[in-house]
Amino acid sequence: MDKNVFEIIYSDNDIVVLIKPVGLDSEKQLPDKIKEMLSGEVYTVHRLDKNVGGVMVYGRTKKAAAMLSKAIQNGEMIKEYVAMVHGVPPIEGDWTDYLFKDASKNKVFVVKRIRKGVKEARLEYKRISEDQLSKVRIRLHTGRSHQIRVQFASRGYPLAGDRKYGGKDDFEVPRLFSCKISFPYKGEMVAFEALPVWF
C-alpha cells in the first residue's frame with residue numbers, strides 16, 4: 001500500500017477519522033497530508049508508531065482536540081488492535097507489566113519494579129486463531145510506547161515482522177493494526193472500525 005494514500009472514514013467540522021498507512025509519521029507527516037486534503041488546522045491527540053497502520057482520530061479545532069484529549073485522560077477512549085504473533089499464546093489474557101523506555105536505543109523493556117522512568121502498562125487480549133503465527137485481538141488500557149510489541153515479546157510471542165523485539169520472519173513491518181477506536185462524541189459513544197488485509 002502506498003504510504004501517501006490514506007482513507008478517511010469520517011469527517012466533519014470538528015474531527016477526522018482515518019486509516020493511517022504504514023510508513024507515515026502520525027504526529028507530523030500525516031497531519032500535513034490531512035491539511036493538504038481538507039485544509040484548515042489538524043491537531044494530533046494520540047499516536048501510532050510509524051511502522052504500524054490503522055484507525056486514528058484527529059481534532060480539526062482546538063476545542064475538539066481538547067475534548068478528545070480529555071476522553072483519553074479519563075479512560076473514555078477505547079483502543080483495540082489486531083496482531084499476528086509467533087507461537088500460540090493462551091486463549092485470553094489480562095497482562096500488567098512495568099515498562100522502561102531506553103530513549104537512546106528507542107527500545108522498551110519489561111522491568112520488575114517501579115523506579116524513575118518506569119510506567120505501568122496493561123492490556124487484555126483474546127486469541128482469534130492459532131498456528132505458527134496466531135492472530136489476537138487486543139484492548140489497550142494504557143498507551144505506552146511499543147506496549148503491545150513488548151508485552152507479547154516478553155512472554156515469548158513476538159509479533160510477526162517485529163525484528164526489534166524478536167520476530168524472525170520475512171515480513172517487513174510488525175503485523176499490528178489499530179482496528180477500532182471508540183470515544184464519546186456529541187452526546188453518544190461512537191466507534192470506527194477497520195481490519196488490515198492480512199487479518
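**A walk through the model, from S39 to the largest pocket**

S39 is partly exposed, with a relative accessible area of 49%. Since this is a predicted model, please read everything that follows as a description of a prediction. S39 sits in the loop between helix 1 (29–38) and strand 3. What makes S39 worth a pause is its backbone: phi is near 65 degrees, a positive value in a residue other than glycine. Most residues other than glycine have a negative phi.

Now step back into helix 1, the helix that S39 follows. Which residues of helix 1 are buried? They are L30, P31 and I34. Looking down the axis of helix 1, you find its buried residues within an arc of 100 degrees, so they line one face of the helix. Strand 2, strand 3 and strand 4 are what these buried residues pack against.

Helix 2 can be read in a similar manner. Helix 2 covers residues 62–73, twelve residues in total, and from first C-alpha to last it reaches 16 Å, close to the 16 Å expected at 1.5 Å a residue. Its buried residues are A64, A65, L68 and A71. Why are these four said to lie on the same side of helix 2? Because they cover an arc of only 120 degrees around the axis. Turn to the other side of helix 2 and you meet K62, K63, K70 and Q73, which are exposed. The cover over the buried residues of helix 2 includes strand 2 (15–20), strand 3 (43–44), strand 4 (53–59) and strand 10 (176–185). Strands 2, 3 and 4 may sound familiar, as the buried residues of helix 1 pack against them. Just after helix 2 comes G75, with a positive phi of about 70 degrees.

Next, follow the chain into strand 5, where M84 has its place. Is M84 buried or exposed? At 9% relative accessibility, M84 counts as buried, since the cut-off for buried is under 20%. Setting aside neighbours within four places in sequence, M84 is in contact with L133, S134, K135, L159, A160, F171, R175 and W198. M84 also illustrates how the fold brings together distant parts of the sequence: M84 and F177 are 93 residues apart in sequence, and their C-alpha atoms are 9.4 Å apart in space.

Strand 5 leads us to the largest pocket, which has a volume of about 540 Å³. Of the 24 residues that line this pocket, K79, L140, T142, G143 and R144 are the closest to its centre. Which elements give two or more residues to the lining? They are strand 5 (78–86), strand 9 (133–140) and helix 3 (147–153). By chemical character, the lining of the largest pocket divides into ten nonpolar, eight polar and six charged residues.

One last stop is H146, in the loop between strand 9 and helix 3. H146 has a positive phi of about 60 degrees although it is not a glycine. That recalls S39, with its positive phi near 65 degrees. Their surroundings are worth setting side by side: H146, at 8% relative accessibility, counts as buried, whereas S39 is partly exposed at 49%.

Methods. Residues numbered from 1 in each chain as written. Predicted model: local features only at pLDDT ≥ 70, side-chain atom pairs only at ≥ 80, totals over all residues. Heavy atoms only, no water. Expected span 1.5 Å × (residues − 1). Buried < 20%, exposed > 50% of the residue type's maximum accessible area, 1.4 Å probe, protein only. Arc of directions from axis to C-beta. Contact = heavy atoms within 4.5 Å. 1 Å grid on protein atoms, 1.4 Å probe; cavity = no way out; pocket = protein on both sides within 12 Å on 5 of 7 lines; lining within 4 Å. Points joined across faces, edges and corners; volume = space filled by probe spheres on them. Nonpolar A, V, L, I, M, F, W, Y, C, P; charged D, E, K, R; others polar.
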